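Reader: Hey, got a minute to walk me through this one? I'd like to start with the strands.

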Amino acid sequence: MSEVEGTVQGHRDGHGFVILGDGQPDIYLSPQEMRAVLHRDRVRVRVIRLDRKGRPEGRVVEILERRRTPIIGRLLLESGSWIVAPEDRRFGQDILIPKNGTADAKTGQVVAVELTEPPSLYSQPVGRVTEVLGDIDDPGMEIEIAVRKFEVPHRFSPETLAQTAKLPDRLRAVDLRHRIDLRDVPLVTIDGEDARDFDDAVYCEPARVGRGKGWRLLVAIADVSHYVRPGEALDRDAYERATSVYFPRRVIPMLPEKLSNGLCSLNPQEDRLSLVCDMLINAAGEVHAYQFFPAVICSHARLTYTEVATILGNTRGPEAERRAELLPHLLHLHEVYRGLLKQRAQRGAVDFETTETQIVCDENGRIEKIVPRQRNDAHRLIEEAMLAANVCAADFIHTARHPTLFRVHEGPTPEKRNTLQNYLRSLGLGFTVGEEPRPAELQAIALATRDRPDAAAIHQMLLRSMQQALYTPANSGHFGLAYDAYTHFTSPIRRYPDLLIHRVIKALLGRHRYHLEMKLEGLPPPPAGRGGKAAAAAAYESAAWEAAGAHCSANERRADEASRDVEAWLKCKFMRERLGEEFQGSISAVTGFGLFVQLDELYVEGLVHITELGGEYFRFDEARQELRGERTGVRYAVGGRIRVQVSRVDLDGRKIDFRLVREGETVSRTASGRERAAGSAQAQLEAVQSRDRAARRAAKEGRSGSKAAGRGARGSARPGAKAVAEKGARPDPQQDAAPEVESAPRKGRRTRR
């Protein structure tokens, strides 16, 4: 069989995969093979067989590179030996710690471990504690764990800090050279109440477009490229991070605070450098013409979404009076927004109604409540303005035939299309999805079903049918937004691809090309000269853009995973205080091992395992997305309403388990969470003692203890699903800025989360 190289990705159940990339299928590694390797090791494997579904299974031939970053876990003392149980269960093995390697950490504390001896088929890994993070219940510990668990860079290099310290505190005369002065134009920023960095400002006024009426829309974006130059320490750190990471109450920024909240942030009444997209938009919402130019601006006000929505809703109210000088410009912005909205509908762009939530924390970082995030016209207004600027940036670079990073979002794969088609057919909906799906088809389904009781479930299935959005130099268009070419231009403070777009645009304005400066592993540096050397240099640059796109896409996913991990931790701690309580909820997903239910009041999701559904054999119907009982015919489908009790919270596994509460069943909810947990433990202890006494009596009476135990096991077991009989974590679809949708992981026993 063939040998290939790839990166190990462990699974919490003990097995793993070798990730090859380039669209090649992942290679399964058995738990036995995983004993000698760790998550993220680079290995060479030999494919030894194919399973019954044609998926490859491998054997590790050689370990090419061991991971070198510290492993985060909790220090425990078991049977006289110190061990660290990794926080990331994909590592699959505890790490032995010598007595002199604990760094004075105490039992139960969270620590970082450096491996001193790698694992083998016959021995566990050995390491030493390099950092003590603190106790598990310390405020903000979940974030400290997440940034290390997902290897999010959270400390700037000394070179970057030194370079940042040398930057000026305000604009200098030399900074204003070759820029258009727009400080008299009443540009404003419109962001959320908790925003700290402002990278975009907008202004609109009526204008003649051709022979008809229209608008002139200015979108000014912070000129980060003026301060972050290629090859410098600031640029290296920014590229390594690739994006800012947002947690409840904390942000890991891509750039140091002096830039992200200071020099580059379009703060009100402060002169700031910007790159402006100046657009003429006709009455139909089409961009008639555009131009880019560097400018100096001064934001005339820092407005919030809530404030702008209130002003637009009541132009004679107190908020409108307070912003009387800006009111005409806000009304013009609203007019151009309505025009852009018409064009969006005409394109057939996808716009699903989904509920986003916001976690509200107290001073100690614990959840106070989870509330739905309300979107109003101000949110949509800014979104449409940014989309228009992004499209102009993509068109400007694409027309110049300059290499760049496009934001690509492809349509449903044939497999996902068939799954969606079968689901719609199972509901009796007379909609069809073509062989080459178009965004307008999915949008038509969303609009036609928005008043149905199961609209949320249908829209969720539409969402999951689409692929992940990513950065790539190959332009394949943006399916969700229905654009032929699209890129990210409007957030260079928090996204590295936007910074690259700014550099390319400024290079084109200066009538030269921007050459991406990267050192690629496995490739020699680009040669200098003409002729054949020029062709080799072009090939190298193409590979560099490809590598940059893959890097930025991967780090975007990493940031999303880290944010979700922290939110899951907080939700588990939030629900620990509600053990035993009952809630009404909706079935948000159905799998072969149970139902995922989202609670109405708390917006928290948990699992009702299939063994909690009663003494029934359930079959998973993938087309209908439901579990169906063979004997009674009872069905549990996405969108169904059920009542559940919080039965278990696993903080380490980030899992919440529910128990189904049937009609007429009551559960006491007067005890506190701690009392309920203690009572549950006491009940389990008494049950074990009772079984022991019964077994001893049976032995004295001459009956076989093994047979009695066998009868007890058979009596307590419940039939499970045909597909899976173990608890599992729901593979959350990773979601980009709506409607840029990420694909759900594949199904099956060997699911790679």
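Author: Here is a short tour of some strands and then one serine. This is a predicted model, where local features need pLDDT of at least 70, side-chain atom pairs count only at pLDDT 80 or more, and totals for chains, interfaces and linings use all residues. Residues are numbered from 1 along each chain as its sequence is written, and side-chain values use heavy atoms, with hydrogens and water left out.

Reader: Cool. Which strands does β6 pair with in the antiparallel sense?

Author: β6 (residues 71-78) runs antiparallel to β9 (residues 110-117), with 4 bridges, and pairs with β7 (residues 81-86) over 6 bridges. Strands are DSSP runs of E with at least two residues, helices are H or I runs of at least four, and both are numbered from the N terminus. Two strands pair if DSSP finds at least two bridges between them.

Reader: Which residues stand opposite each other there?

Author: L76 faces I83 in β7, while R74 has V110 in β9 as its bridge partner. In the β6 and β7 hairpin, with 2 residues between the strands, S79 takes a positive phi near 55°.

Reader: Switching topic: where does S491 lie?

Author: S491 sits in the loop between β23 (469-472) and α13 (496-509).

Reader: Buried or exposed?

Author: S491 is buried, because its relative accessible area is 5%; buried means under 20%, exposed over 50%, partly exposed in between, with a 1.4 Å probe and protein chains only.

Reader: And what does S491 touch?

Author: Leaving out residues up to four places away in sequence, S491 touches D199 and D498, where contact means heavy atoms within 4.5 Å.
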